[in-house]
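Reader: Could we go through this model together, beginning with its open spaces and then turning to the charged pairs?

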Amino acid sequence: MEGGYIFDEKDRHNAFISTLDLALFETNGGPLEGIAVAVKDNISTAGMPTTCASRILEGYVPPYDAHVVTLLRQAGAAIVGKTNMDEFGMGTTTENSAFGPTTNPVDPGRVPGGSSGGSAAAVASGMVDMALGSDTGGSIRCPAAFCGVVGLKPTFGRVSRYGLIAYSNSLEQIGPLGKTVTDVNTLMSVIAGPDARDSTTYDRPYDHTPDPDVKGLRIAVPEEFFGEGVDPAVSAKVQNAIATLEGLGAETIECSIPSMTYALAAYYVTCTSEASSNLARFDGVRYGPEVPAVRSWHDEFKTYRGERFGKEVQRRILLGTFALSAGYYGKYYAKAQVARENVRRDFIRVLKDTDVIAGPTMPSIAFHLGEKSDPLSMYLADILTVPANLAGVPAISVPCGTVDRMPVGLQIIGPHFADEKVMDVAYAFEQEVA
Amino acid sequence: MVNESDVEIIAKLADISISKDELGAFTSQFNEILEYFDILDQVPPGEEGMPDLENVLREDVVTPSLSQEEATANAGETEDGFIRAPKVM
């Protein structure tokens, strides 16, 4: 096997949880032949440990490949390692990892964003060309924005999640990160398509060459994306980026997405509820370190989960357990689902008369390490990314300049299955400012 | 509002042991988050989303799958090809 791929193993940013000394790849003329690709550590890789950055999966080696990993191998990619993340995808900074935080290659005193922070840092630092992440409420787009790379959350159902260790099934998608829109486009073309083992996938393969022509494109600009809580310097950068697209012939339409008011609450109620159910499977019996069998199962199991889950994971399981408990279901979960439907309808309404929605990916630049110690203030940082997950629509983040020398991301959101369109708009912008 | 004993009950339901020292912090964070969730009371009455969903079904036929050995490879303890679990009662 030739080692023609590029992979610099000096991991100064703690981007990887595990790496392969020599990643094997098929010399098959595939679209990714010999290209170094990193994979987030919640995506199953046969024979290679997959931890979700959790002590509860210490030593777990999946007996099978996720569907996207099979596709990467078939395309000739060199899977060089598994990237660091917030434990089970729960976080916005990659600080909630049992393997220590990943740092931002642009400024190592700052976080790379999360939860796919290792994937973004591996790309941003040039260690790999491309990476896979997963995005439940912004986990691909946030680190892409904070590290100055490109990241796409595909339309719900466009990429198989078979082999993705589930956290919140109704929201999460696997998606590509890369240095350029072209790289992200190439990786998307490899991973998208139907899979009989994930019944939520659609028969919508992705075969596209980005087109930079945006003449006549109608861009909706929702006031909520530039409102309270959004750093005015970040807003100004993104407004400039939108003006650049206007300069290329696009037109902008001001609009409102009123359901944004309660989108974040709806998101956190939904994802914690799903997490409380999904993470019940980590009981130390089928995988992960063994539970000692001295006391009764529940006693052992409680101690084990108390010791091995990180605090944020425990907090979300508890919140979800509470939100679903008798007497509170109507107040939280049922209302969150109505709110979610309102978000979906708002997006469909706005995107009926326009082609895409544009705004900032994140309300600020990357935080300093340790800056967001209060859980709620961390959650609030997700306000601009969660709506696309609630609505199931595609959204891409593309770098659009810096504030205080830190990258800012322009977010382009499209209607269901318009992944090609958001890619085109990101490409038009990237080519213009390159 | 929830108090420490409520959080203890939730932790018990979720099978997660929380130490007495952590209970206070968890409870106050919980209340801060739940107070934020109250914004959902502003959601106008409406429908829960179930847009154009279609069940995806298939025939229940045996297809190639993991071997028993592969399926039990990560288990702590196995016996005769089965996973051995701690006693429940």
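Author: To fix the term, a pocket is an open set of points on a 1 Å grid over the protein atoms alone, where a 1.4 Å probe fits, with protein on both sides within 12 Å along at least five of seven lines. This is a predicted model, in which local features need pLDDT of at least 70, side-chain atom pairs count only at pLDDT 80 or more, and totals for chains, interfaces and linings use all residues. Residues are numbered from 1 along each chain as its sequence is written, chains are lettered from A in the order in which they are written, and side-chain values use heavy atoms, with hydrogens and water left out.

Reader: What volume does the second largest pocket have?

Author: The second largest pocket has a volume of about 810 Å³, a volume being the space filled by probe spheres set on the grid points, which are joined across faces, edges and corners.

Reader: And which residues lie nearest its centre?

Author: Of the 30 residues that line the second largest pocket, those nearest its centre are A:Tyr64, A:Tyr162, A:Gly163, A:Arg197 and B:Leu66; a lining residue has an atom within 4 Å of a point.

Reader: How does the lining divide into nonpolar, polar and charged?

Author: The lining of the second largest pocket has 16 nonpolar, 5 polar and 9 charged residues, where Ala, Val, Leu, Ile, Met, Phe, Trp, Tyr, Cys and Pro count as nonpolar, Asp, Glu, Lys and Arg as charged, and the others, Gly among them, as polar.

Reader: Switching topic, how many salt bridges are there over all chains?

Author: The structure holds 25 over all chains, each being a side-chain nitrogen of Lys or Arg within 4 Å of a carboxyl oxygen of Asp or Glu. One of them pairs B:Glu22 with A:Lys311 at 2.8 Å, N to O. B:Glu22 lies in helix H2 (residues 20-37) of chain B and A:Lys311 in helix H8 (residues 311-323) of chain A, so this pair joins two chains; helices are DSSP runs (H or I, at least four residues), numbered from the N terminus.

Reader: What about A:Arg349 and A:Asp346, how far apart are they in their helix?

Author: A:Arg349 and A:Asp346 are 3 residues apart in helix H9 (residues 330-353) of chain A, about one helical turn, and their side chains form a salt bridge of 3.2 Å, N to O.

Reader: Is A:Asp346 buried or exposed?

Author: A:Asp346 is buried at 11% relative accessibility, whereas A:Arg349, at 41%, is partly exposed. Buried means under 20% relative accessible area, exposed over 50%, and partly exposed in between (1.4 Å probe, protein chains only).
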